Amino acid sequence: MTDFIKVENLVFDYIKSEDESTFRAIDDVSFTVEKGSFTAIIGQNGSGKSTLAKNINGLLLPTAGKIYVDGLDSADPENIWEVRQRVAMVFQNPDNQIVSSVVEDDVAFGPENLGVDPKEIRKRVDEALKSVEMYEFRRKAPHLLSGGQKQRIAIAGAVAMEPECIVFDEPTAMLDPNGRKEVIRAVRALNDVEGITVILITHYMEEVIHADHVYVMDKGSVKMQGTPKEIFSQVEKLKELRLSVPQVTLLSYELKKAGVPLPDGILETEELIRELKKVQ
């Protein structure tokens, strides 16, 4: 795999309007995202993860440091259009991204703005809706859909623009548990089946267990990084950062503390059952 996104010593300061003082939201962050990978960024509210997302997409420009998207400097005005075509974003609230009164028209909105040929748009819309299992709803009104369905329509709109990478900024934050499952299943399919590079920003720990790599942010800095198993093996360190772990991981951790010989970083119920059978 090759690096698709390179973040080098990124700094981002917000300027407060009342007194023009600055608040450092990102403080000297460096990391890479491989092409075709599934990268998760987790952290408390205010940790800087959403600001980082907007810098990757070029919605915000670095105060210092560099972000390269497929070799393009995101801060170069000549590159910004290319960067945003390569990296799409899906935000928390799908209602803020839905602009049309019919599902398929909404998904077509992005490609139309790119000047794509109408026949190609039709093909892209159908394929994008199928990729998130929403094709049968193509002629429905978005306001009649559930929260999870609306978010999948927003994802289809991003997919129809044929980006190489999609950044999901807390895409399930406003959804119920069923809606969250629907959306995360769609996100994983885009990565596994379509080969789209995925960056998922979330504070729901269960959503990152299938990621290739996880970065943990706190107060604008990357505090931990590794595979999901490596990250969730460090329960006490995550607690120090005011973060939880998946429920099955916590149960395994408590059982191990009580003397049951279990490995660290168990992520799924089936894995725990297998390990418990070994110690019977």
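**Exercise 1. Is Glu170 buried or exposed, judged by its relative accessibility?**

Solution. The model is a predicted one, and every value below is computed from it. Begin with the place of the residue in the fold: Glu170 is found in the loop between strand 7 (165-169) and helix 6 (177-192). Next take the relative accessibility, which is 3% for Glu170, and set it against the cut-off, by which buried means under 20% relative accessible area. Glu170 therefore counts as buried. As a last step, look at the backbone, where Glu170 has a positive phi of about 50 degrees although it is not a glycine.

**Exercise 2. Find the loop in which Glu133 lies, and work out whether Glu133 counts as buried or exposed.**

Solution. Glu133 lies in the loop that runs between helix 4 (118-131) and helix 5 (147-159). Its backbone shows a positive phi of about 60 degrees, although Glu133 is not a glycine. That sign deserves a remark, because most residues other than glycine have a negative phi. For the accessibility, the value to use is 55%, and since exposed means over 50%, Glu133 counts as exposed. Glu170, by contrast, is buried at 3%.

**Exercise 3. Determine which way the side chains of strand 6 point, and how strand 6 runs relative to strand 7.**

Solution. Strand 6 comprises residues 87-90. Val87 and Met89 point one way from the strand, while Ala88 and Val90 point the other way. This pattern can be read against a general rule, that in a regular strand the side chains alternate between the two faces of the sheet. Despite the two directions, Val87, Ala88, Met89 and Val90 are all buried. Turning to the pairing, strand 6 is joined to strand 7 by four bridges, and the two strands run parallel. In this pair, Val90 stands opposite Phe168 of strand 7.

**Exercise 4. Give the strand order of the open four-stranded sheet, and explain why one side of strand 2 and of strand 5 is left without a neighbour.**

Solution. The open sheet has four strands in the order 2-1-4-5, and the pairing is antiparallel. Strand 2 and strand 5 (72-73) stand at the edges with a single partner strand each, so one side of each has no neighbour in the sheet. To check one of these edges, consider strand 4 (residues 64-69), which pairs with strand 5 in the antiparallel sense over two bridges. Tyr68 has Asp73 of strand 5 as its bridge partner. At the other edge, strand 2 covers residues 22-34 and includes Glu34. Glu34 is partly exposed, with a relative accessible area of 36%, and together with Asp3, Asp192 and Asp212 it forms a negative surface patch.

**Exercise 5. Work out which parts of the chain are tied together by the salt bridge of Asp218 and Arg242.**

Solution. Start from the general principle that side chains of opposite charge can pair when their charged atoms come close. The side chains of Asp218 and Arg242 meet in a salt bridge with an N to O distance of 3.1 Å. Asp218 lies in strand 9 (residues 213-218) and Arg242 in the loop between helix 8 (235-240) and helix 9 (247-257), so the pair ties together parts that are 24 residues apart in sequence. The partners can also be described by accessibility: Asp218 counts as buried at 6%, whereas Arg242 is partly exposed at 46%.

**Exercise 6. Describe the salt bridge of Glu236 and Lys239, and then place it among the others in the model.**

Solution. The side chains of Glu236 and Lys239 meet at 3.9 Å, N to O. Both residues lie in helix 8, three residues apart, which is about one turn of the helix. Glu236 is partly exposed, with a relative accessible area of 39%, and Lys239 counts as partly exposed at 41%. A further pair is Asp27 with Arg24, whose closest N and O atoms are 4.0 Å apart; here Asp27 is partly exposed at 34%, and Arg24 is partly exposed at 43%. In the model the count comes to 24 salt bridges. Beyond such pairs, Lys35, Asp70, Glu82, Arg86 and Glu164 are linked in a network of salt bridges.

Key: Residues are numbered from 1 along each chain as its sequence is written. This is a predicted model: local features need pLDDT of at least 70, side-chain atom pairs count only at pLDDT 80 or more; totals for chains, interfaces and linings use all residues. Side-chain values use heavy atoms; hydrogens and water are left out. Patches are made of residues with over 30% relative accessible area and no salt bridge: like charges are joined within 9 Å, nonpolar side chains (Val, Leu, Ile, Met, Phe, Trp, Tyr) within 5 Å. Accessible areas come from the Shrake-Rupley method with a 1.4 Å probe; for residues, only the protein chains shown count as cover. Lys and Arg count as positive and Asp and Glu as negative; His and the chain ends are not counted. The place of a charge is taken as NZ of Lys, CZ of Arg, CG of Asp or CD of Glu. Buried means under 20% relative accessible area, exposed over 50%, partly exposed in between (1.4 Å probe, protein chains only). Two strands pair if DSSP finds at least two bridges between them.
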